[in-house]
Amino acid sequence: MSVRPLRPADVPALAPALAALPLMARYRRSADAIAADLAAALARGDGLLAWEAGGEARGLAWFLREGTLGVGGYLRLIALAEGAQGGGAGAALLAAFEAEVAKASRHAFLLVSDFNEAAQRFYERHGYARVGALPGFVLPEVAELVYWRRLR
Ligand SMILES: CC(C)(COP(=O)(O)OP(=O)(O)OC[C@H]1O[C@@H](n2cnc3c(N)ncnc32)[C@H](O)[C@@H]1OP(=O)(O)O)[C@@H](O)C(=O)NCCC(=O)NCCS
């Protein structure tokens, strides 16, 4: 089990595993849409790390290394397939994201849905502070909570 760069060959199996998550259903992200997003992100050179277990990518961290509010990296998405949750993979991906961002930026930012209390607890356990909210930013009935951690 390890964190490594996401590869194009990971996408066909990983995209449907992520699309099966309740979070993705709520945001209406189908397997095809996730696969297209990841292909475009790989082509752009976005930060993309995979969690590999049993020879397969079972989760990812997708991020921008710099530029957020002029000073920080931005975690666009961290997500593990259902069976890969609750075992420390998220912490490993978050630490790898932070190490990569810290090379270019002093701050890390991310957004969490107001209903995603498990993810809010996860980020708070890992040193992130809730600093704001963007009401209706993606879905009209959901606020995206802004989380921030100073990296150095
Ligand atoms: C949020 C996420 C990245 C955290 O990574 P993780 O490796 O699961 O983190 P942890 O090991 O710290 O466990 C997270 C929670 O799962 C619980 N958990 C324990 N065993 C579990 C299992 N077998 N299956 C699922 N969850 C389990 C943990 O107790 C913890 O819940 P708590 O905060 O109520 O104590 C991951 O759970 C995930 O991908 N969730 C779905 C997508 C998502 O919400 N992404 C965040 C978008 S902002």
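In this predicted model, the largest pocket encloses about 1200 Å³ of space. Its lining is made up of 41 residues, and those closest to the pocket centre are Leu23, Leu77, Ile78, Ala79 and Asn116. By class, 26 of the lining residues are nonpolar, eight are polar and seven are charged. Strand S4 provides the largest share of the lining of this pocket, with seven residues. At least two lining residues come from each of helix H2 (22–26), H3, S4, helix H4 (89–102), S5 and H5. Helices and strands are thus both represented in the wall of the largest pocket.

The strands belong to an open sheet. Seven strands are arranged in the order S1-S2-S3-S4-S5-S7-S6, and their pairing is mixed. Strand S1 (2–5) and strand S6 (129–135) form the edges, each pairing on one side only. On average, and with direction ignored, neighbouring strands of the sheet are turned by 30° against each other. In general, the strands of a sheet pair through backbone hydrogen bonds, in either a parallel or an antiparallel sense.

Pairing from S1 to S4 can be followed strand by strand. Four bridges connect S1 with strand S2 (residues 47–53) in the antiparallel sense, and Arg4 is placed opposite Ala50 of S2. S2 is in turn antiparallel to S3, with seven bridges between the two strands. Within this pairing, Leu49 has Ala61 in S3 as its bridge partner. S2 and S3 make up a hairpin in which two residues separate the strands, and Gly54 in the turn has a positive phi of about 60°.

A further antiparallel pairing links S3 to S4, again through seven bridges. Here the bridge partner of Thr68 is Gly72 in S4. These two strands also form a hairpin, now with three residues between them, and Leu69 in the turn has a positive phi of about 50°.

Helices pack against this sheet. Helix H3 (residues 31–44) touches S2, strand S3 (56–68) and strand S4 (72–80), and the direction of H3 makes about 55° with that of S3. Helix H5 (residues 117–125) lies across S4, strand S5 (107–113) and strand S7 (143–150), and runs at about 160° to S5. S4 is therefore named among the contacts of H3 and also among those of H5, and S4 contributes seven residues to the lining of the largest pocket.

For the chain segment as a whole, an unreviewed UniProt entry places the feature "domain: N-acetyltransferase" at residues 1–152. Over residues 1–152, helix accounts for 34% and strand for 36%, and the end C-alpha atoms of the span lie 28 Å apart.

Methods. Residues are numbered from 1 along each chain as its sequence is written. This is a predicted model: local features need pLDDT of at least 70, side-chain atom pairs count only at pLDDT 80 or more; totals for chains, interfaces and linings use all residues. Side-chain values use heavy atoms; hydrogens and water are left out. Two strands pair if DSSP finds at least two bridges between them. Axes are lines fitted to C-alpha atoms, for helices over the stretch in contact, and angles run from 0 to 180 degrees between N-to-C directions. Contact means heavy atoms within 4.5 Å. On a 1 Å grid over the protein atoms alone, a cavity is a set of points where a 1.4 Å probe fits but cannot get out, and a pocket is an open set with protein on both sides within 12 Å along at least five of seven lines; lining residues have an atom within 4 Å of a point. Grid points are joined across faces, edges and corners, and a volume is the space filled by probe spheres set on the points. Ala, Val, Leu, Ile, Met, Phe, Trp, Tyr, Cys and Pro count as nonpolar, Asp, Glu, Lys and Arg as charged, and the others, Gly among them, as polar. UniProt positions are given in the numbering used here, feature names are shortened, and annotations may be inferred rather than shown by experiment.
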